[in-house]
Amino acid sequence: MYLKKGDNIIVIAGKDKGKKGKIEKVLRQTDQVIVEGVNIKKRHRKAAHRGENEKGQAISIPAPVHVSNVALFDTKSGKATRVGMKVREDGTKVRISKKSGEEI
């Protein structure tokens with residue numbers, strides 16, 4: 001998988017198409033990512049049942065999005081881009097943006 005935690009992405013398909021955000025978590029087994037502010041779901045929490053004065057509430061939680069529905073956001077061009085690999089002169093591999101050629 002070419003995406004990492006902290007990458008800026010843009011959603012390219014689905015109900016949140018066009019939204020931008022930062023990756024909070026990468027789920028490698030299912031090829032999914034959790035992005036802040038994208039694919040928000042409501043979860044209802046019960047009130048505490050030990051006599052405490054807590055009330056039930058609805059909590060908004062970001063749900064995972066498949067990696068095929070997101071693309072890396074290139075800040076230089078301002079558009080979605082694909083990711084390529086490049087080997088530096090010192091032998092380390094780095095990710096590059098296909099649109100601008102910049103290192104990520």
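This passage describes the fold, the core and selected residues of a predicted model.

The chain contains 10 strands and 0 helices. Read from the N terminus, its elements therefore form an uninterrupted β series, β-β-β-β-β-β-β-β-β-β. The overall dimensions depart from those of a compact globule: for 104 residues such a globule would have a radius of gyration near 13 Å, whereas the chain has 18 Å. The C-alpha trace extends over about 65 × 30 × 25 Å along the principal axes. Of the 104 residues, 27% are buried. The exposed surface of the chain amounts to about 7,600 Å², of which carbon and sulfur atoms supply 47%. Where contacts between residues at least 6 apart in sequence are considered, 39% of them join residues at least 24 apart.

An open sheet is formed by 6 strands, arranged in the order S6-S3-S2-S1-S7-S8 with antiparallel pairing. The edges are occupied by strand S6 (65-66) and strand S8 (79-81); each has a single partner strand, so one side of each is left without a neighbour in the sheet. Strands of a sheet pair through backbone hydrogen bonds, in either the parallel or the antiparallel sense. Within this sheet, S1 and strand S2 (residues 20-27) are antiparallel and share 3 bridges. In this part of the sheet, Ile10 faces Lys20 of S2 as its opposite residue.

A further antiparallel pairing links S4 with strand S5 (residues 57-62) through 6 bridges. Here Lys41 is set opposite Ile61 in S5. Strand S4 (residues 40-45) has 6 residues, of which the number buried is 0, so this strand lies largely in the open.

In soluble globular proteins, nonpolar side chains tend to be buried together. The largest nonpolar core of the model has 11 residues: Leu3, Ile9, Val11, Ile23, Val33, Val35, Val38, Val65, Val67, Val70 and Leu72. At least two residues of this core come from each of strand S1 (8-11), strand S3 (32-35) and strand S7 (70-74). Val33 illustrates how distant parts of the sequence meet. Beyond its neighbours within four places in sequence, Val33 contacts Leu3, Ile23, Lys25, Val26, Ala63, Pro64, Val65, Val67 and Val70.

Two aspartate residues lie outside the strands that adjoin them. Asp7 belongs to the segment before S1 and is buried, its relative accessible area being 8%. Its side chain makes a polar contact of 2.9 Å with that of Arg95. When neighbours within four places in sequence are set aside, the contacts of Asp7 are Tyr2, Gly21, Lys22, Ile23, Leu72, Arg95 and Ile104. Of these, Ile23 and Leu72 are also members of the largest nonpolar core. Asp31, by contrast, is situated in the loop between S2 and S3 and counts as partly exposed, at 36% relative accessibility. Apart from residues up to four places away in sequence, Asp31 touches Met1, Val65, His66 and Val67. Asp31 and Leu3 are 28 residues apart along the chain, and 10.0 Å separates their C-alpha atoms.

Thr81 and Ser97 are in contact with each other. Thr81 is part of strand S8, a strand at an edge of the sheet. Thr81 nevertheless counts as buried, at 8% relative accessibility. A polar atom of the Thr81 side chain lies 3.2 Å from the backbone nitrogen of Lys99. Besides Ser97, the residues in contact with Thr81, leaving aside neighbours within four places in sequence, are Ala71, Leu72, Asp74, Lys98 and Lys99.

Ser97 is located in strand S10 (residues 93-97). Ser97 is likewise buried, with a relative accessible area of 3%. With neighbours within four places in sequence excluded, Ser97 contacts Asp74, Thr81, Arg82, Glu102 and Ile104. Asp74 thus appears among the contacts of both Thr81 and Ser97. Ile104 is listed for Ser97 and also for Asp7. Between Ser97 and Glu24, which are 73 residues apart in sequence, the C-alpha to C-alpha distance is 21 Å.

Terms used: Residues numbered from 1 in each chain as written. Predicted model: local features only at pLDDT ≥ 70, side-chain atom pairs only at ≥ 80, totals over all residues. Heavy atoms only, no water. Core = buried A, V, L, I, M, F, W, Y, C linked by side-chain atoms within 4.5 Å. Buried < 20%, exposed > 50% of the residue type's maximum accessible area, 1.4 Å probe, protein only. Helix = DSSP H or I, 4+ residues; strand = E, 2+ residues; numbered from the N terminus. Contact = heavy atoms within 4.5 Å. Pairing = 2+ DSSP bridges. Rg over C-alpha atoms; globule rule 2.2 N^0.38 Å. Areas by Shrake-Rupley, 256 points an atom, 1.4 Å probe, with all protein chains shown as cover. Polar contact = N/O pair within 3.5 Å; in protein donor to acceptor, adjacent residues only side chain to side chain.
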